[in-house]
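Reader: I am new to this structure and would be grateful for a close look at a single part of it. Please choose one helix and describe its surroundings with care, going on to other places in the chain where that is useful.

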Amino acid sequence: MNPNATPLTGRPAWKALEAHAHAMRDVHLRQLFEGDPGRGVRLTAEGAGLFLDYSKNRVTDETMGMLVRLAGESGLPARIEGMFRGDRINVTEDRAVLHVALRAPRHASFVVDGKNVVPAVHAVLDKMADFATRVRSGGWTGHTGRPIRNVVNIGIGGSDLGPVMAYEALRHYSDRALTFRFVSNVDGIDLFEATRDLDPAETLFIVSSKTFTTLETMTNAHSARDWLLGGLGGDARAVAKHFVAVSTNAERVAAFGIDTANMFGFWDWVGGRYSMDSAIGLSTMIAVGPDHFRAMLGGFHEMDEHFRTTPFDRNLPVLMGLLTVWYANFFGAQAVAVLPYENYLKRFPAYLQQLTMESTGKRVTRDGTPVTYDTGPIYWGEPGTNGQHSFYQLIHQGTRLIPCDFIAFARALTPLGRHHDILLANVFAQAEALAVGKTAAEVEAEGTAPALVPHRVFEGNRPSNTILADRLTPAALGALVALYEHSVFTQGAIWNINPFDQWGVELGKALAQAIVPELESQAEPALAHDSSTNALIRRVRGMRSRL
């Protein structure tokens with residue numbers, strides 16, 4: 001039986017959840033905790049070194065049972081099996097989705113088109129490890145014979161967000177003798193600032209583009225090549241000692257001047273936003289070393305297995321995905337705030353923006369039928385405690401319901417006085433304040449002037465998850481990223497959308513390719529855009545002509 005034969009909103013579990021949500025709308029978290037002393041212990045789950053407390057959500061055991069039934073009615077078990085089996089579940093591009101194979105142990109088997117891909121994955125990992133070791137040890141030298149001291153990763157989207165997030169997250173484990181920079185924006189300032197204080201003789205560029213044709217990436221790569229040759233006397237042979245490629249297009253890589261022996265490949269069953277543990281992570285491996293990189297892969301794999309084998313009522317990614325559906329579809333929540341109380345994770349919310357919104361920002365189902373329900377909440381956030389002094393005001397007392405994910409670690413990587421205890425105290429206090437709030441009676445009992453009482457009331461009943469781990473290790477980072485990957489998978493299965501394509505990014509890219517020559521043309525171009533775009537192009541051309 002096809003679980004999607006019945007539209008999502010017609011399924012029994014969905015209808016039951018609609019009625020249940022109406023009954024829950026006026027139930028306060030304060031009541032739920034007062035009426036259930038064991039709630040804070042019972043509504044938790046654990047796996048792959050992560051602990052999830054979801055007790056501060058506007059749910060009961062009955063709610064969670066209904067959500068789990070919805071997962072079953074939506075075919076989530078079969079979807080999970082299909083992904084791990086190598087089925088072509090990316091239906092619009094006719095591709096398998098096997099980022100889970102990137103972190104599989106050597107003895108594992110993931111089959112695509114009749115072939116086990118794991119040996120090829122480990123061949124690339126071994127090649128990366130050899131190269132990273134040579135750079136880190138000084139065995140790889142530049143054109144003048146000097147060792148590499150600077151690594152600049154050039155990419156965009158998944159070829160940038162994953163590597164820069166991982167570098168910042170694992171900086172504690174990185175080789176501090178090496179400098180790492182990341183260039184993604186086609187705005188020339190990005191490349192200029194990344195290279196302005198570097199010595200070309202000691203700088204290595206990693207150019208990450210599957211086709212080696214991505215406009216932003218290749219524009220930056222060619223300008224980086226000009227910068228390098230300008231600093232090394234113009235000898236084109238220098239390119240092969242200062243550039244490597246993460247790509248599958250050997251012809252274009254060679255034409256650029258890169259030795260194809262230093263080209264690191266990946267596969268079409270790896271989406272860009274799921275690729276940080278592939279060759280796209282070469283800069284990460286150089287920074288932290290092969291052993292730490294493999295430990296990160298181990299954390300990914302442990303969460304993969306947890307997702308694949310754990311019953312849904314104790315399955316961390318499934319629970320988080322179902323809670324996202326609960327708030328998006330039954331409470332009208334349009335956003336999720338991700339709040340890591342760990343400064344090394346400062347780029348994690350930005351990384352999640354692509355992972356989540358490029359995946360679930362879809363308006364049609366897998367068969368092309370327009371959806372009749374909301375998909376794709378907006379993910380955003382900043383590290384604590386900084387966010388407390390800016391946007392938490394809106395979360396606590398604003399008119400919008402914004403579920404929050406708090407991320408924290410029991411032990412600091414860099415213990416310093418009382419800092420970490422104060423940090424953790426803030427995590428727990430914010431989650432408690434959001435849930436419980438502060439009533440008018442409590443405010444009045446503090447002696448507050450009557451006119452100020454409404455301003456100092458906290459409604460509470462604002463939901464949150466708390467994700468807790470021991471320390472931010474490479475393995476913990478891998479598990480954390482995989483947690484959100486599989487939460488997105490769960491949401492996609494419920495909504496019956498394809499979370500593995502991204503056609504929405506294509507139109508603007510195609511139009512930009514047409515506009516570039518219109519901006520650069522010496523003669524007045526014939527413009528055929530809308531009147532606003534035509535006028536803007538003419539205005540820029542006019543502003544330039546006056547210089």
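Author: A residue is called buried here when its relative accessible area is under 20%, exposed when that area is over 50%, and partly exposed in between. The model is a predicted one, and the part chosen for the close look is helix H5, which comprises residues 76-85.

Which residues of H5 are buried? They are Leu76, Arg79, Ile80, Gly82, Met83 and Phe84. The cover over these buried residues includes helix H4 (61-73), H13, helix H14 (316-330) and H20. Just past the end of H5, Gly86 adopts a positive phi of about 90°.

Of these neighbours, H20 may be taken up next. Two packed helices are described by the angle between their axes and by the distance between those axes. For H5 and H20, the angle is about 125° and the axes are 10 Å apart. An angle of 65 to 115 degrees would count as roughly perpendicular and one over 145 as roughly antiparallel; H5 and H20 are therefore oblique to each other. The crossing of H5 past H20 is right-handed. On the side of H5, the contact involves Leu76, Arg79, Ile80 and Met83, while H20 contributes His486, Phe489, Thr490, Gly492 and Ala493. Sorted by class, the residues of this contact are 5 nonpolar, 3 polar and 1 charged. Leu76, Arg79, Ile80 and Met83 also appear among the buried residues of H5.

Aromatic rings add a further layer to the picture. The structure contains 23 aromatic pairs. One of them joins Phe84 and Phe110, whose ring centres are 6.3 Å apart and whose planes make an angle of 40°, a tilted arrangement. Phe84 belongs to helix H5, whereas Phe110 is in the loop between H5 and strand S3 (111-112), so this pair ties together parts that are 26 residues apart in sequence. How accessible are the two partners? Phe84 has a relative accessible area of 11% and is therefore buried. Phe110, at 7% relative accessibility, counts as buried because its value falls under the 20% limit. A second pair is formed by Phe307 and Phe489, which meet edge-to-face with 5.8 Å between centres and 80° between planes. Phe307 is part of helix H13 (residues 290-309) and Phe489 is part of helix H20, so the pair ties together parts 182 residues apart in sequence. Both Phe307 and Phe489 are buried. Phe489 thus has two roles in this account, because it is named in the contact of H20 with H5 and is also a partner in the ring pair with Phe307. Elsewhere, ring pairs connect Trp14, Trp326, Tyr327, Phe330, Phe331 and Tyr373 into a cluster.

The loop that runs between H5 and S3 also holds Pro105. Is Pro105 buried or partly exposed? Its relative accessible area is 23%, which lies between the limits of 20% and 50%, so Pro105 is partly exposed. Leaving aside residues up to four places away in sequence, Pro105 touches Val118, His122 and His301. Its C-alpha atom is separated by 25 Å from that of Arg171, a residue 66 places away along the chain.

At the end of H20 there is a feature of the backbone. Asn496 lies in the loop between helix H20 (474-495) and helix H21 (506-520). Although Asn496 is not a glycine, its phi is positive, at about 55°. With a relative accessible area of 10%, Asn496 is buried. Phe212 likewise has a positive phi without being a glycine, in this case near 60°. Phe212 is placed in the loop between strand S7 (203-208) and helix H9 (215-231), and its 3% relative accessibility makes it buried.

Two further loops complete the account. Thr385 is in the loop between strand S11 (378-380) and helix H16 (392-397), and the peptide bond leading to it from Gly384 is cis, with omega near 10°. Asn461 occupies the loop between helix H19 (453-456) and strand S13 (464-469). At 8% relative accessibility, Asn461 is counted as buried. Apart from residues up to four places away in sequence, Asn461 touches Val27, His28, Leu29, Arg58, Leu401, Leu434 and Ala435.

Definitions and conventions
Residues numbered from 1 in each chain as written. Predicted model: local features only at pLDDT ≥ 70, side-chain atom pairs only at ≥ 80, totals over all residues. Heavy atoms only, no water. Helix = DSSP H or I, 4+ residues; strand = E, 2+ residues; numbered from the N terminus. Buried < 20%, exposed > 50% of the residue type's maximum accessible area, 1.4 Å probe, protein only. Axes fitted to C-alpha atoms, helices over the stretch in contact; angles between N-to-C directions. Parallel < 35°, antiparallel > 145°, perpendicular 65-115°, else oblique. Left-handed = near helix turned anticlockwise from the far one by under 90°. Contact = heavy atoms within 4.5 Å. Nonpolar A, V, L, I, M, F, W, Y, C, P; charged D, E, K, R; others polar. Phe/Tyr/Trp six-rings, centres within 6.5 Å; stacked < 30°, edge-to-face > 60°.
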